[in-house]
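Here are my comments on the fold, set out as numbered points. They begin with a single strand and work outwards to the sheet and the helices around it.

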Amino acid sequence: MNITKAVYKTSAVDKTGILNDGVPEFAFVGRSNVGKSSLINALVNQKRLAKTSSTAGLTKMVNYFDINDSFRFVDLPGYGFAKVGKGQLDVWASLMGEYLLTSQSLLTVFVLLDIRIKPTELDKAMINYLVYHNIPFRLLATKCDKLSRAQQNKSIEIIAKELNMRKEFIILTSSEKRQGIETLLNYMEGVLDRLAQSDE
Ligand SMILES: Nc1nc2c(ncn2[C@@H]2O[C@H](COP(=O)(O)OP(=O)(O)OP(=O)(O)O)[C@@H](O)[C@H]2O)c(=O)[nH]1
Ligand SMILES: [Mg+2]
């Protein structure tokens, strides 16, 4: 699949802003700074569609991007940002919960994990939440350019074991080197094709 058009649509700061107009969505979640916005930019081949930052906790809203006039990417706020106070954490949890549970056209949630870091309790909580609520998801390892191929293999085995998943379930990516971008686009194309068939 080629992405030929990608435009910012809107942002939701609370549940009233969550879109439910039938357009299929792929959402990106993960710890703050894991590389969600960078991955969206790599997928659409633009440098600055989704705002990225070396300052953790930049994306605080649910940001929607229209892709090829037919589906959406949704950049979700990162979790595990140390400087966030309890009040803000509640806002985050309620916005995320609202998004994940009420989005009728959510096709897949991509859970991003830094290839160099063992999954945290928050990563596990997120995955358990998706399993519990029967929300389809895939795991993505990010920033793979930071490791050699041999180290990537080793890390992916550790991560898979920690999460009780098969390592084939994790797609290795690098926004910097465009590793895994085509695999990810093909995966999404497959999901969209199946949706089109089920609608016929
Ligand atoms: N080397 C390398 N750095 C990356 C990669 N992806 C992201 N980064 C860097 O990691 C930092 C965070 O990236 P973002 O895309 O802003 O992360 P995010 O998950 O959107 O963060 P929040 O919006 O704060 O939740 C930036 O400094 C990026 O340049 C990658 O594939 N390789
Ligand atoms: Mg971001």
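Which residues point one way from β6, which point the other way, and are they buried or exposed?

1. The model is a predicted one, and I would begin reading it at strand β6, residues 137-142. Phe137, Leu139 and Ala141 point one way from this strand, while Arg138, Leu140 and Thr142 point the other way, and all of them are buried. The strand is accordingly described as mostly covered, with six of its six residues buried.

2. On one side, β6 pairs with strand β5 (residues 106-114) in the parallel sense, over six bridges, and within this pairing Leu140 of β6 is the bridge partner of Leu112. The chain passes from β5 to β6 by way of helix α3 (residues 121-132), in a β-α-β crossover that is right-handed.

3. Strand β7 (residues 170-172) also pairs with β6 in the parallel sense, here over three bridges, and Leu140 stands opposite Ile171 of β7. Together with helix α4 (residues 149-163), β6 and β7 form a β-α-β unit that is right-handed.

4. Taken as a whole, the sheet is open and has seven strands in the order β1-β3-β4-β2-β5-β6-β7, with mixed pairing. Because β1 (6-12) and β7 stand at the edges and have a single partner strand each, one side of each is left without a neighbour in the sheet. From one strand to the next, the twist averages 25°.

5. An antiparallel part of this mixed arrangement is found where strand β3 (residues 62-67) pairs with strand β4 (residues 71-75) over five bridges; there, Tyr64 stands opposite Val74 in β4. Helix α5 packs on the sheet, where it touches β2 (25-30), β4, β5, β6 and β7, and its direction makes about 160° with that of β5.

6. Helix α5 (residues 181-199) also packs against helix α1 (residues 36-44), at an angle of about 80° and with the two axes 10 Å apart. Since angles of 65 to 115 degrees count as roughly perpendicular, α1 is to be described as roughly perpendicular to α5.

7. What do Leu39, Ala42 and Leu43 in α1 meet in α5? These residues meet Ile181, Leu184, Leu185 and Met188 of α5, and the residues of the contact divide into seven nonpolar, no polar and no charged.

Definitions and conventions. Residues numbered from 1 in each chain as written. Chains lettered and ligands numbered in written order. Predicted model: local features only at pLDDT ≥ 70, side-chain atom pairs only at ≥ 80, totals over all residues. Heavy atoms only, no water. Buried < 20%, exposed > 50% of the residue type's maximum accessible area, 1.4 Å probe, protein only. Helix = DSSP H or I, 4+ residues; strand = E, 2+ residues; numbered from the N terminus. Pairing = 2+ DSSP bridges. Right-handed = clockwise from strand over helix to strand, strands pointing away. Axes fitted to C-alpha atoms, helices over the stretch in contact; angles between N-to-C directions. Parallel < 35°, antiparallel > 145°, perpendicular 65-115°, else oblique. Contact = heavy atoms within 4.5 Å. Nonpolar A, V, L, I, M, F, W, Y, C, P; charged D, E, K, R; others polar.
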